[in-house]
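Student: I would like to go through this model and ask how each label is earned.

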Amino acid sequence: MASPIDDSLPARVSSDCPEQTRDILYHVWGRDWGSVGLKKFFDDRDKATCQDPKTGETPLHAAIRSCGPANGEDDGEEDGSVEEALEILHELFLSGAIWNDVDNNNETPGCVAWRLGRKSLYNQCVDAGVRAELLFALMDSYEQLSSDNEYEEMAEDEVEVEAEADQKEATEAEQDDDEEAPQLKFVPPSAGEKTVTSDQYLESSLTYDPEKLVDSDRNGVMMAWETDIMKRSVEALIPDAQPGKRILNIGFGMGIIDGMFAELKPSRHHIIEAHPSVLEHLAKPESRFGPSWEKSGPEVGAFEVLPGKWQDVVPKLLQAGEVYDAIYFDTFGEDYSQLRTFFSEWVPGLLEQDGRFSFFNGLGADRRICYDVYTKVVEMHCADAGLDVEWEESDVDMSNLGEEGKGEWEGVRRRYWTLDKYRLPTCTFMG
Ligand SMILES: C[S@@+](CC[C@H](N)C(=O)[O-])C[C@H]1O[C@@H](n2cnc3c(N)ncnc32)[C@H](O)[C@@H]1O
């Protein structure tokens, strides 16, 4: 069993910590700003982002940790030390402190706040994460729009946003690959580990067994423990199990959700799948979704596996005038920007006015704070796309999912799920 974390100041500031960093961490811990006061103390970004090289302690971690654990359920709203810490966090975030820097216990400041039961501090970290991720997304879209003369065609207020984003980029450039937008079904790698890209995944060979589908690097593409999530997703997309619905599913995997959709006797059932091995598996005579299934539809083309990447297939569906009552999206090896592109650019054209859209919500599922941040980010981006999101939270049975390499994770390279609750999104058009 892992030994308990020592949150004391001597344990968190190492003996070989550079003097300036040590000084800052001690001041934060003691809430002592000398004659300059809190605002001026963090007058430059380097101070707000410094980190003990051995323990990874940042001023954010120190400000939270110095509050100590909350008493029971009460997170200490009345506690003056939390009030002070909230102010310190506020200043630190204004000065460019990074919300998701991890320390040597693999904890972000928000993780420390959650563990100590300090909910108001945790919420402040979530809000900072949401702001940072929204800014990143904005920055990405500007980068796509303007490459050469980047500021030339922008309105004045947009230039300000861009300039702020540039500054943020400079701040965060020092961080490692963990900073990328989370993948839909993949744990952001620990430092030094690589993330599988969509192209690499689509070229890898896959292995099916009854419990899971893994790629050649033993990344879990789909696993049977997710069956309950698929079942809930179908119930959310097609309430009362009404027959005759037009369904689009993106990503076949183990065909778990498609099996459930098929039970509902849809009038149209289209499956988009890009991986050659999955397509081969689908075409086998014993496959439930092979040629005989395609022929069994109420009309030609009603039941179909559409081979290729959704990015290539979906424009053709739109062009052909296809409209669906229920759309589900669950791919692998793609990051959040792809999901966002799908619901912003394609769902409005493909979904019936009173239809429902959902996706596998594995965004940031390797740690609670990332999951909470991405819940809010998705909700805001959906609103931009004219979609309301309703979340249904359900328990995930963690009895066999708790330990890396054990239980369900045996033979799988990394746990991509660590949370005891799943937050299921159901998106509908606003108004
Ligand atoms: C997590 S699995 C889907 C699991 C499925 N929901 C089920 O119930 O079994 C993801 C699937 O998406 C496919 N995929 C990945 N990228 C894709 C893309 N760009 N277009 C279409 N399919 C893709 C993968 O090959 C894989 O079969």
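The talk below takes up the cavities, the ligand and a small sheet.

Tutor: Keep in mind that this is a predicted model.

Student: How many cavities of 30 Å³ or more does a search of the whole structure find?
Tutor: The search finds 2. The largest cavity holds about 310 Å³ of space.

Student: What makes a space a cavity and not a pocket?
Tutor: A cavity is a set of points where a 1.4 Å probe fits but cannot get out, whereas a pocket is an open set. The space of about 310 Å³ is listed as a cavity, so by that definition the probe cannot leave it.

Student: Which residues are closest to the centre of the largest cavity?
Tutor: They are Gly251, Glu273, Asp330, Thr331 and Phe332, out of 28 that line it. Each lining residue counts because it has an atom within 4 Å of a cavity point.

Student: Which elements give two or more residues to that lining?
Tutor: Helices α10 (198–203), α12 (256–263) and α15 (310–319) do, together with strands β3 (220–223) and β5 (268–273). The most come from α10, with 3 residues.

Student: How is the lining of the largest cavity divided by class?
Tutor: It has 15 nonpolar, 8 polar and 5 charged residues. Gly counts as polar, and Asp and Glu as charged.

Student: Which residues are closest to the ligand?
Tutor: Of the 24 residues that surround the ligand, the closest are Tyr201, Gly253, Ile257, Glu273 and Asp330.

Student: Why is the approach of Gly253 to the ligand called a polar contact?
Tutor: A backbone N or O atom of Gly253 lies 2.9 Å from a ligand oxygen. The cut-off for a pair of N or O atoms is 3.5 Å, so the pair qualifies. A polar backbone atom of Ile257 is also 2.9 Å from an oxygen atom of the ligand. For Trp310, a backbone N or O atom is 2.9 Å from a nitrogen atom of the ligand.

Student: How do you know that β2 and β3 pair?
Tutor: Strand β2 (residues 212–214) is joined to β3 by 3 bridges, and the two run antiparallel. At least two bridges are required, so they count as paired. Across the pair, Leu213 is opposite Met222, and Lys212 is opposite Met223.

Student: What links those two strands into a hairpin?
Tutor: There are 5 residues between β2 and β3, and Arg218 in the turn has a positive phi of about 65°.

Student: What makes β1 and β3 edge strands?
Tutor: The open sheet has the order β1-β2-β3, with antiparallel pairing. Strands β1 (207–209) and β3 each pair on one side only. Neighbouring strands are turned by 10° against each other on average, direction ignored.

Technical notes. Residues are numbered from 1 along each chain as its sequence is written. This is a predicted model: local features need pLDDT of at least 70, side-chain atom pairs count only at pLDDT 80 or more; totals for chains, interfaces and linings use all residues. Side-chain values use heavy atoms; hydrogens and water are left out. On a 1 Å grid over the protein atoms alone, a cavity is a set of points where a 1.4 Å probe fits but cannot get out, and a pocket is an open set with protein on both sides within 12 Å along at least five of seven lines; lining residues have an atom within 4 Å of a point. Grid points are joined across faces, edges and corners, and a volume is the space filled by probe spheres set on the points. Helices (H or I, at least four residues) and strands (E, at least two) are DSSP runs, numbered from the N terminus. Axes are lines fitted to C-alpha atoms, for helices over the stretch in contact, and angles run from 0 to 180 degrees between N-to-C directions. A residue is near a molecule or strand if one of its heavy atoms lies within 4 Å of it. A polar contact is a pair of N or O atoms within 3.5 Å; within protein, one must be able to donate a hydrogen and the other to accept it, and residues adjacent in sequence count only if both atoms are side-chain atoms.
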